[in-house]
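Open the model in your viewer and keep the sequence panel visible. The stops below each give a selection and then what is found there.

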Amino acid sequence: MRLDIVSIFPEYLDPLRVALLGKAIDAGRISVDVHDLRNWTHDVHRSVDDSPYGGGPGMVMKPEVWGPCLDDVCPDDALLVVPTPAGVPFTQATAQRWSAEKHLVFACGRYEGIDQRVFDDAARRVRVEEVSLGDFVLIGGEVAVMAMIEATVRLIDGVLGNPRSHQEDSFSDGLLEGPSYTRPVSWRGLDVPPVLLSGDHAKVAQWRHEQALERTRARRPDLLADPVKPAGDRGPDSG
Ligand code: SAM
């Protein structure tokens with residue numbers, strides 16, 4: 001998979017080259033190119049923003065800079081991802097779907113965001129998805145993009161050492177994962193649940209499912225609003 005990210009703070013994306021993602025780059029499973037939006041400016045101040053039409057606080061990122069940048073960086077067969085709190089929610093199902101793409105391009109906004117015409121124009125030739133990391137407002141798109149990339153890339157074959165890791169994660173069966181334990185059996189007066197030491201795989205699986213259901217009921221009852229089925233079968237990301 002090829003990943004291109006456009007930002008006015010390219011150094012923000014450096015952690016993408018660390019740990020498992022760094023290994024995925026070294027192994028040739030993904031390539032990551034980060035582009036400085038200011039390379040597409042033409043004025044002496046290299047300005048990327050201007051005041052908003054209609055008034056209001058803050059600045060809006062300019063179409064004359066973003067447009068040519070995306071013309072260069074985002075080919076017609078890529079998926080253009082626009083992180084924005086006003087987007088549709090990013091979920092595990094989104095990550096699953098994106099993990100099958102060949103080329104993702106991310107446009108990191110700053111200030112009050114990017115002139116809408118940039119994406120209306122891009123949508124005339126590429127697929128565009130405006131996606132939110134959650135119901136909160138970040139300062140810029142970089143952190144959202146790093147989270148989206150990490151969630152997506154770990155689903156690509158061969159990126160995680162053991163593919164079962166993500167098959168049994170929270171959301172993969174529509175539930176939150178239950179609690180995990182490792183050695184020692186007893187720690188600070190707290191014991192590992194005996195069923196996990198029983199060696200009975202069926203009983204362990206049953207216990208884990210019950211724990212997952214209980215935790216989901218307590219913390220995320222919204223996930224149980226639908227009958228239990230894989231996250232990939234739910235909501236706007238289904239199909
Ligand atoms: N004026 C915008 C609004 O109210 O919807 C918020 C702009 S925010 C301060 C600047 C940039 O941060 C956005 O363009 C986007 O790239 C990013 N951003 C902020 N919150 C985000 C979120 N929840 N999900 C994805 N991106 C976010």
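**Stop 1: Pro194**

Select Pro194, which sits in the loop between β9 (190-191) and α7 (201-219). Is Pro194 buried or exposed? Pro194 is exposed, because just 9 other C-beta atoms lie within 10 Å, and the cut-off for exposed is 12 or fewer. Now add Val204 to the selection and draw a C-alpha to C-alpha distance: Pro194 and Val204 are ten residues apart in sequence and 9.8 Å apart in space.

**Stop 2: the whole chain**

Zoom out. This is a predicted model, scored at ipTM 0.99 and pTM 0.93. Colour the protein chain by pLDDT: the mean is 94, and 94% of the residues reach 70 or more. By element, confidence is lowest in helix α6 (residues 164-167), at a mean of 81, and highest in β6, at 99. Select residues 230-235 as well, where pLDDT stays under 50. The model has 18 contacts beyond four places in sequence for residues 230-235, and these should be read with that confidence in mind.

Switch to a cartoon view. The protein chain has seven helices and nine strands, and its C-alpha trace spans about 70 × 40 × 40 Å along the principal axes. Of its 239 residues, 28% count as buried. Among the contacts with a separation of 6 or more, 76% are between residues 24 or more positions apart.

**Stop 3: strand β5 and its partners**

Select strand β5, residues 79-89. Which strands pair with β5? One is β6 (residues 103-107), paired in the parallel sense over three bridges. To find this pairing in the viewer, pick Val81, which stands opposite Phe106 in β6. Another is β7 (residues 127-132), also in the parallel sense, over seven bridges. Here the residue to pick is Pro83, which stands opposite Val131 in β7.

**Stop 4: the ligand**

Keep β5 displayed and select the ligand with its surroundings. How many residues surround the ligand? There are 19, and the closest are Pro83, Gly109, Leu138, Gly141 and Ala144. Pro83 is thus met again here, having been seen opposite Val131 in β7.

Colour the shell by residue class: ten residues are nonpolar, seven polar and two charged. By element, β5 gives the most to the shell, with four residues. Both β5 and α5 supply at least two residues each.

**Stop 5: the nonpolar core**

Hide the ligand and show nonpolar side chains. The largest nonpolar core has 47 residues, of which Leu80, Phe106 and Ala107 touch the most other members. Helix α5 (residues 141-153) gives the most to this core, with seven residues. Phe106 is the residue already seen opposite Val81.

Select Ala107 next. Beyond its neighbours within four places in sequence, Ala107 is in contact with Val6, Trp66, Leu70, Leu80, Val82 and Ile114.

**Stop 6: Trp66**

From Ala107, move to Trp66, which lies in helix α2 (residues 63-73). Why does Trp66 count as buried? Trp66 has 23 C-beta neighbours inside 10 Å, and 20 or more are enough to count as buried. Not counting residues up to four places away in sequence, Trp66 touches Met61, Ala107, Ile114 and Val118. For a longer distance, select Asp33: it is 33 residues from Trp66 in sequence and 17 Å away in space, C-alpha to C-alpha.

**Stop 7: backbone geometry**

Three residues are left, picked for their backbone angles.

- Select Arg183 and Pro184: the peptide bond between them is cis, with omega near 5°. Pro184 is in the loop between α6 and β8 (186-187).
- Select Phe171, found in the loop between α6 and β8. Its phi is near 80°, a positive value in a residue other than glycine. Phe171 counts as buried, because it has 22 C-beta neighbours inside 10 Å.
- Select Arg46, in the loop between β2 (31-36) and β3 (49-50). Arg46 is not a glycine but has a positive phi of about 55°. What is its exposure? Arg46 is partly exposed, with 14 other C-beta atoms within 10 Å.

Key:
Residues are numbered from 1 along each chain as its sequence is written. Two residues are in contact if their C-beta atoms, placed from the backbone, lie within 7 Å. Two strands pair if DSSP finds at least two bridges between them. A nonpolar core is a set of buried Ala, Val, Leu, Ile, Met, Phe, Trp, Tyr and Cys residues joined through C-beta atoms within 7 Å. A residue is near a molecule or strand if its C-beta atom, placed from the backbone, lies within 6 Å of it. Ala, Val, Leu, Ile, Met, Phe, Trp, Tyr, Cys and Pro count as nonpolar, Asp, Glu, Lys and Arg as charged, and the others, Gly among them, as polar. pLDDT is the predictor's confidence in each residue, from 0 to 100.
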